[in-house]
Amino acid sequence: MSAAQTPPASAPLPAVVPPPSNGLDGLAEGPEGDQPMSFWDHIGELRNRLVKAFLGLVVACILCFVYATELREFLAAPLHTAWAAAGMAGKPELQVLAMMDAFMTDMRVAVAAGIFLAAPIGFYQLWMFIAPGLYSREKRYVIPFVATSVLMFVAGAAFCYVAVLPWTIQWLLSYTQSTSGAETTVAYHLTLNDYIRDATKILVAFGAVFEFPLLIAFLSFAGVLSHRGLLRFWKISVIAIFVIAAVLTPPEPVSQLMMAFPMVGLFFLSVGVSYLITRSRERAAGLVTPEPVPPAPDDPEA
């Protein structure tokens with residue numbers, strides 16, 4: 001090689017572009033735009049969402065307290081229906097035993113009604129808390145999620161208001177009448193506080209248990225549960241349902257059974273929903289082999 005000749009320039013090495021990452025080194029990649037958050041960041045975000053949901057509940061309770069009398073009459077309607085169906089004379093009277101009973105009862109009514117009025121805000125804040133961990137295609141379900149959550153919550157309370165409360169009260173009234181003897185008459189002296197407490201408690205409880213299919217659908221969508229696991233433990237689940245119904249309802253059998261039986265139906269409905277979601281996820285991941293199409297009868301190769 002002569003001095004005039006220079007060695008050929010080597011081709012520049014291509015720049016190494018690091019793969020896109022949505023988290024810190026060593027962490028699994030998350031959805032697009034996902035930002036790494038520490039444990040305390042998650043706690044702060046949860047506190048922020050809870051504060052917003054609580055403020056929405058406070059505003060809803062204040063609005064409902066203005067109409068506490070109308071709401072109290074609305075809650076007393078099943079009592080009037082059951083009273084007439086049981087053949088009781090006159091109209092039911094709800095007594096107050098202390099000076100603060102009427103005010104505290106109106107507060108209870110306002111809080112119970114405020115929970116239903118502020119339900120869209122609460123479910124929306126729940127979705128916004130979990131939305132940062134979802135993909136863009138999954139974040140589009142915010143409106144269906146909130147709408148379905150509110151619908152199921154109201155549907156559970158409506159079922160309780162229309163069917164459970166009148167039937168339960170009528171059975172209790174009829175049972176009390178049957179206990180009166182020839183010399184002893186058993187008379188009703190209902191208190192406003194006790195009736196409103198039991199009515200609001202069972203209405204909110206029925207609204208909450210009707211969210212069960214939506215919860216199962218969400219967990220199945222996230223891959224936490226599948227229909228196989230639900231069916232594997234269905235006997236234990238049914239026993240747990242009856243225990244939950246006994247805890248959430250007053251200590252009498254009618255309302256307990258009327259909560260337990262719909263919950264069992266909702267459980268198996270949730271199994272079907274989980275089956276559809278799990279099959280869809282497995283098919284998208286290529287884990288499900290499509291079934292062969294049988295040949296037509298007139299196919300000569302059949």
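This tour proceeds from the annotated membrane spans to one helix and then to the salt bridges. The model is predicted.

**Stop 1: the annotated spans**

Begin by selecting residues 50-68, 109-130, 142-164, 202-226, 233-251 and 257-277, which an unreviewed UniProt entry annotates as "transmembrane region". Then restrict the selection to residues 142-164. This span is 100% helix and 0% strand, and its end C-alpha atoms lie 32 Å apart. For residues 202-226, helix accounts for 72% of the chain and strand for 0%; here the end C-alpha atoms are 30 Å apart.

**Stop 2: helix H3**

Next, select residues 101-117, which form helix H3. The helix has 17 residues. From its first C-alpha to its last it reaches 24 Å, close to the 24 Å expected at 1.5 Å a residue.

Display the side chains of Asp101, Thr105, Asp106, Val109, Ala110, Ala112, Ala113 and Gly114, adding the C-alpha atom for the glycine; these are the buried residues of H3. Which helices do the buried residues of H3 pack against? Colour helix H1 (39-66), helix H2 (68-85) and helix H7 (192-209) to see these partners.

**Stop 3: the pair between H2 and H3**

Keep Asp106 in view and add Arg72. The two residues form a salt bridge, with the closest N and O atoms 2.9 Å apart. Arg72 belongs to helix H2 and Asp106 to helix H3, so the pair ties together parts that are 34 residues apart in sequence. Both Arg72 and Asp106 are buried. Side chains of opposite charge can pair when their charged atoms come close.

A search of the whole structure finds four salt bridges, and the Arg72 and Asp106 pair is one of them.

**Stop 4: the network in H7**

Now move to helix H7 and select Asp194, Arg197 and Asp198, which are linked in a network of salt bridges. Asp194 and Arg197 meet through their side chains at 3.4 Å, N to O. Both lie in helix H7, three residues apart, about one turn of the helix. An α-helix has 3.6 residues a turn, so residues three or four places apart point the same way.

Arg197 also forms a salt bridge with Asp198, the closest N and O atoms again being 3.4 Å apart.

Are the residues of this network buried, partly exposed or exposed? Asp194 is partly exposed, because its relative accessible area of 34% falls between the 20% and 50% limits. Arg197 is likewise partly exposed at 34%, and Asp198 counts as partly exposed at 31%.

Notes:
Residues numbered from 1 in each chain as written. Predicted model: local features only at pLDDT ≥ 70, side-chain atom pairs only at ≥ 80, totals over all residues. Heavy atoms only, no water. UniProt positions renumbered as here; feature names shortened; annotations may be inferred. Helix = DSSP H or I, 4+ residues; strand = E, 2+ residues; numbered from the N terminus. Expected span 1.5 Å × (residues − 1). Buried < 20%, exposed > 50% of the residue type's maximum accessible area, 1.4 Å probe, protein only. Contact = heavy atoms within 4.5 Å.
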